[in-house]
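Subject: The structure you asked to see

Hi there,

Here is the structure I promised to pass on. Could you open it alongside this email and follow along as you read?

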Amino acid sequence: MTVVADRIYTGIRELAAISGPTVPRMGPAMADLARIPDAGLATAGGKFVWVGPRAKLRKEVRLRRGGARVDLHDVCVLPGFVDAHTHALFAGDRAREIEGKLAGRSYREIAAEGGGLFSTVRATRAASDAQLRRQTGVRLRRMRQAGTTSAEIKSGYALTVPGELRLLRLIPGLARSVGLRLVPTFLGAHAIPPEFDGRADAYVDQLIERALPVIARERLARFCDVFCEPGFFSVPQSARLLRAALGQGLGIKIHADEFVASGGARLAAELGARSAEHLLAAPAEDLERLAAAQVTGVLLPITPFASLSHLSSPGRALVDAGVPVALGTDLSPNSWVESMGLVLSHAVYGARLTPAEALVGATVNAAHASGIADVAGSIAAGRTADFLTFETTSLEEIPYRIGAVPAVVYRQGNIVFSR
Ligand code: ZN
């Protein structure tokens, strides 16, 4: 049987389909790119309709009248990047904190002094919708230029119920105006707001009673996340919030063990969370628990770099423990990175993933962590035609070249960025 295509692409030296089973990849499967040398690719109506060896194209694909044949001229092709963890929705910046960080002050010290996260909270609360849309839209466009075609995006810089709902309500419009698939996550529990100092439980009550029901009813978020860490939310507070979110039909994620081993990963395994994120200080036995529960570990290898942390990203340890690993930028005012190409290189050189594992982490596993693997993260018939071309001689060369940028970014079958 032949399929009918709007566009047929050739001139593909190597293509990583990263297709296959509908579960996150773990263990040895993390290095399986489903590589096709001398590949052909066909799209119709913004979706992939065929992918395979070029030699089979002629027999299996027919170009519809008015369709186009495109020679990509000897490139490598990847699915569009999926950024599994961003805090891209905020106002202002914190460039002036770099010197404090260099002087040895920790994230928690800076936060305790009302700087850090809370200075972004003040800027975000003070910004109009138009200002937030403009500032965030610029970042999202730069993410897309760097090859990201889908991204998870968290609220979390308002820290009031109406403010957090306002942030979530801005996300669909941003996705439409930028042309990016955005997966909203409710992170009202990003930190204890100053108004609730010493009363974290009362803040959690508000989130459960006044935010979650509205989010569920209006479908404002796919996931609920919590910053589970000493000085932020305890394990019992995190568990209470996440159980309530599950009860409202939301998926759950946890910022776990970023600074110290605090039980976040263990809680993620107990609750069967979609993902546990950061994990810099997670003990080995808790990584085993994540693997047993098949909870995806979201690795954010630029965060310790940007935080001048002595901790290193546990990429190798996660893969070796059998945890499915996804990658994200953690784009925030604390670690301002828009490029998944840069994340790939840090995942390899810093977190010791192989290039193939890093590519899987930045595509199909990130799509699983974001609940969109049915449409994004791999090149297979029926998925959205989001893909990238790179002028490299092999797929491995993409993470190898530090901060590689795509030559062309395709979103829904159309060119949205070209160098
Ligand atoms: Zn984060």
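Below is what I found in it, starting with the metal site.

Please keep in mind that this is a predicted model.

**The zinc site**

Which residues hold the zinc ion? The protein donors are His85, His87 and His255, each through NE2, together with Asp330 through OD. These donors lie 2.0 to 2.8 Å from the zinc ion. Along the sequence, the spacing of the donor residues reads H-x1-H-x167-H-x74-D. The arrangement of the 4 donor atoms is irregular, because the angles they subtend around the zinc ion run from 75 to 165 degrees. For comparison, a tetrahedral label would need all angles to lie between 85 and 135 degrees. Two of the histidines are worth a look for their surroundings: His85 is buried, at 0% relative accessibility, and His87 counts as buried too, at 4%.

**Salt bridges**

Side chains of opposite charge can pair when their charged atoms come close. How many salt bridges does the structure hold? The total is 25. Here are three pairs that you can find quickly on screen.

Glu14 pairs with Arg35, and their closest N and O atoms are 3.0 Å apart. Glu14 sits in strand β1 and Arg35 in strand β2, so this salt bridge ties together parts that are 21 residues apart in sequence. Glu14 is buried, with 13% relative accessibility, whereas Arg35 is partly exposed at 35%.

Glu338 forms a salt bridge with Arg142, with 2.9 Å between the closest N and O atoms. This pair links distant parts of the chain, 196 residues apart: Glu338 is in the loop between β12 (325-327) and α13, and Arg142 is in helix α5 (residues 129-145). Glu338 counts as buried at 14% relative accessibility, while Arg142 is partly exposed at 35%.

Arg240 and Asp205 meet through their side chains in a salt bridge of 2.8 Å, N to O. Arg240 belongs to helix α8 (residues 235-247) and Asp205 to helix α7 (residues 200-218), so the pair ties together parts that are 35 residues apart in sequence. Arg240 is partly exposed, with a relative accessible area of 32%, and Asp205 is partly exposed as well, with 28%.

There is also a network of salt bridges, which links Glu152, Lys154, Asp225, Lys253 and Glu277.

**Two buried arginines**

Where is Arg25? It is in the loop between β1 (3-16) and β2 (35-44). Arg25 counts as buried because its relative accessible area is 5%, and the cut-off for buried is under 20%. A polar atom of the Arg25 side chain lies 2.6 Å from the backbone oxygen of Asp32.

Arg411 is in strand β14 (residues 408-411). Arg411 is buried too, at 10% relative accessibility. The side chain of Arg411 makes a polar contact of 2.9 Å with the side chain of Asp386.

**Two leucines with positive phi**

Most residues other than glycine have a negative phi. Leu159, though not a glycine, has a positive phi of about 60 degrees. Leu159 lies in the loop between β6 (148-154) and α6 (161-178), and is buried, with a relative accessible area of 1%.

Leu308 also has a positive phi, near 55 degrees. Leu308 is in the loop between α11 (302-306) and α12 (315-321). Is Leu308 buried or partly exposed? At 45% relative accessibility, Leu308 counts as partly exposed.

**A nonpolar patch on the surface**

Last, please turn the model to find Leu342, Tyr349, Tyr400 and Ile402. They form a nonpolar patch on the surface, and together have about 440 Å² of accessible area. Leu342 is part of helix α13 (residues 340-349) and is partly exposed, at 30% relative accessibility.

If you would like a place to begin, try the zinc ion with its donors His85, His87, His255 and Asp330, then go on to the salt bridge between Glu338 and Arg142.

Happy viewing, and all the best

Key:
Residues are numbered from 1 along each chain as its sequence is written. This is a predicted model: local features need pLDDT of at least 70, side-chain atom pairs count only at pLDDT 80 or more; totals for chains, interfaces and linings use all residues. Side-chain values use heavy atoms; hydrogens and water are left out. Patches are made of residues with over 30% relative accessible area and no salt bridge: like charges are joined within 9 Å, nonpolar side chains (Val, Leu, Ile, Met, Phe, Trp, Tyr) within 5 Å. Accessible areas come from the Shrake-Rupley method with a 1.4 Å probe; for residues, only the protein chains shown count as cover. A salt bridge is a side-chain nitrogen of Lys or Arg within 4 Å of a carboxyl oxygen of Asp or Glu. Helices (H or I, at least four residues) and strands (E, at least two) are DSSP runs, numbered from the N terminus. Buried means under 20% relative accessible area, exposed over 50%, partly exposed in between (1.4 Å probe, protein chains only). Donors are N, O and S atoms within 2.8 Å of the metal (3.2 Å for Na, K and Ca); water is not among the atoms, so sites may look incomplete. Four donors count as tetrahedral if all angles lie between 85 and 135 degrees; four count as square planar and six as octahedral if opposite donors are over 155 degrees apart and all others between 65 and 115; anything else is irregular. A polar contact is a pair of N or O atoms within 3.5 Å; within protein, one must be able to donate a hydrogen and the other to accept it, and residues adjacent in sequence count only if both atoms are side-chain atoms.
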